[in-house]
Amino acid sequence: MKKHNFSAGPSILPQEVFQKAADAILDFNGMGLSILEISHRSKEFVAVMDEARAIVKRLMNLGDDYEVLYLQGGASLQFLMVPFNLLTTDGKAAYTDTGTWAAGAIKEAKKLGNVDVVASSKESNYIYIPKDFTVGSEYDYFHCTSNNTIFGTQMKEFPKVDTLMVCDMSSDIFSRQIDFSQFDLIYAGAQKNMGPAGATLVVVKKSILGKTGRTIPTYLDYAVHIDKESMSNTPPVFAVYASYLTLKHLEENGGIAAAEAKNNAKAKLLYDEIDRNPNFQGVAAVEDRSFMNVTFTLTDESKKEAFDAAWKAAGISGLNGHRSVGGYRASIYNAMPIESVQVLVDVMKSI
């Protein structure tokens, strides 16, 4: 039986993507070669890279003023690449601290220059999204994290700022309709909604680059990767291909609007049970609950053994919460079918 995979990432992908990716490992496009062994300079893979970049702009409804890159190093490398490319030598950046990964981005940016944390929910163990703050033109850019995987919070709206807007969308990209043009730079690790670990998506407005006055190491320079069309070095070929398949699947099945409707239904089903069932309670503030990562705990820890045995017996995997929060975390990314969420809800009802 296929497991019901609630892992926070690497995570579930569409079954159709798994099948096509598996076929390509044995024989890619009838070449008699595996996708794992073809040259990244071959016309066959160049076509994949070109379409993988183009489909992002179609899904986001962005024009030619934006460039799409597939890089490596995960979102963690972007914590450093963003300030290298946007923070001027005598300037400062504004960040919100809404979780572990936001804090990681702040830590790296501080190594390069001046950073102001304009809002934080750290004092409450990140159970809410701070909202009462302003960001003026004195900052080179503002950085936020749209969804906090560990703590189960999500930005429902984005602030209006008088500077560049940068967002780490690693764990909710392509899950809901957003005006992506409000952002000057978006980055995301692929291993949640896009594909397997190994590729990192960057969407950047070209006009914002080259203004920091600093020398940027070659690999950390977005302009270099734009010039080389994401092939400044050997790209993560398989991860890019699987991401292309995932985005193609998304586009062919109603796009982001259809995904959002399904995600809303899944989240409602699970949160309704958490709120209805006296054995469980949600972790995140209700108004900031993530529709990607649902965090909850038992109200009576004496039932933990029985609950754990029940969900494991039902074929559920990856439900344990992060050690920073405890309890449980159900990650319900785009590819998670509502039938799997129903299996979890049925188990919760049985306790």
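Q: Which residues make the nonpolar surface patch of about 320 Å²?
A: Welcome to this structure, which is a predicted model. One member of the patch, Ile25, sits in helix α1, which spans residues 15-26. A patch takes in residues with over 30% relative accessible area, and Ile25 has 32%, so it counts as partly exposed. The nonpolar patch of about 320 Å² is made by Ile25, Leu26 and Leu36.

Q: How much space lies in the largest pocket, and which residues are the closest to its centre?
A: The largest pocket holds about 510 Å³ of space. It is lined by 27 residues. The closest to its centre are Pro14, His249, Asn334, Ala335 and Met336.

Q: Which element gives the largest share of the lining of the largest pocket?
A: Let us start with the candidates: the elements that give two or more residues to this lining are β1 (4-5), α6 (237-252), α7 (255-276) and α9 (338-350). By class, the lining has 11 nonpolar, 11 polar and 5 charged residues. The largest share is 6 residues, and it comes from α7.

Q: What is the volume of the second largest pocket, and which helix gives the largest share of its lining?
A: This pocket has a volume of about 300 Å³. Of the 19 residues that line it, the closest to the centre are Trp101, Thr149, Ser170, Gln191 and Lys192. The lining divides into 6 nonpolar, 10 polar and 3 charged residues. Its largest share, 4 residues, comes from the helix made of residues 74-86, α3.

Q: Is Lys211 buried or exposed?
A: To find Lys211, look in the loop between β10 (200-205) and α5 (222-227). Its C-alpha atom is separated by 31 Å from that of Gln154, and the two residues are 57 apart along the chain. The relative accessibility of Lys211 is 57%, and the cut-off for exposed is over 50%, so Lys211 counts as exposed.

Q: How many salt bridges does the structure hold?
A: Side chains of opposite charge can pair when their charged atoms come close. One example here is Arg53 with Asp50. In total, the number of salt bridges in the structure is 16.

Q: How far apart are the closest N and O atoms of Arg53 and Asp50?
A: Both residues lie in helix α2 (residues 43-60), 3 residues apart, about one turn of the helix. Arg53 counts as buried at 10% relative accessibility, while Asp50 counts as partly exposed at 37%. The closest N and O atoms of their salt bridge are apart by 3.7 Å.

Q: Why are Asp272 and Lys268 separated by about one helical turn, and what is the N to O distance of their salt bridge?
A: The two residues are 4 apart in helix α7, so about one helical turn separates them. Asp272 counts as partly exposed at 38% relative accessibility, and Lys268 counts as exposed at 53%. Their side chains meet in a salt bridge with an N to O distance of 2.7 Å.

Q: Which residue meets Asp275 in a salt bridge?
A: This pair links distant parts of the chain, 14 residues apart. Asp275 is in helix α7, and its partner is in the loop between β11 (280-282) and β12 (293-298). The partner counts as buried at 8% relative accessibility. With an N to O distance of 2.8 Å, the residue that meets Asp275 is Arg289.

Q: What is the omega of the cis peptide bond that joins Gly9 and Pro10?
A: Most peptide bonds are trans. Here, a cis bond joins Gly9 and Pro10. Pro10 lies in the loop between β1 and α1. The omega of the bond is about -5 degrees.

Q: Is Tyr126 buried or exposed?
A: Most residues other than glycine have a negative phi. Tyr126 has a positive phi, near 60 degrees, and its place is in the loop between β4 (114-120) and β5 (141-145). With a relative accessible area of 7%, which is under 20%, Tyr126 is buried.

Q: What is the phi of Glu229?
A: Glu229 is found in the loop between α5 and α6. At 44% relative accessibility, it counts as partly exposed. Although Glu229 is not a glycine, its phi is positive, at about 55 degrees.

Methods
Residues are numbered from 1 along each chain as its sequence is written. This is a predicted model: local features need pLDDT of at least 70, side-chain atom pairs count only at pLDDT 80 or more; totals for chains, interfaces and linings use all residues. Side-chain values use heavy atoms; hydrogens and water are left out. Patches are made of residues with over 30% relative accessible area and no salt bridge: like charges are joined within 9 Å, nonpolar side chains (Val, Leu, Ile, Met, Phe, Trp, Tyr) within 5 Å. Accessible areas come from the Shrake-Rupley method with a 1.4 Å probe; for residues, only the protein chains shown count as cover. A salt bridge is a side-chain nitrogen of Lys or Arg within 4 Å of a carboxyl oxygen of Asp or Glu. Buried means under 20% relative accessible area, exposed over 50%, partly exposed in between (1.4 Å probe, protein chains only). On a 1 Å grid over the protein atoms alone, a cavity is a set of points where a 1.4 Å probe fits but cannot get out, and a pocket is an open set with protein on both sides within 12 Å along at least five of seven lines; lining residues have an atom within 4 Å of a point. Grid points are joined across faces, edges and corners, and a volume is the space filled by probe spheres set on the points. Ala, Val, Leu, Ile, Met, Phe, Trp, Tyr, Cys and Pro count as nonpolar, Asp, Glu, Lys and Arg as charged, and the others, Gly among them, as polar.
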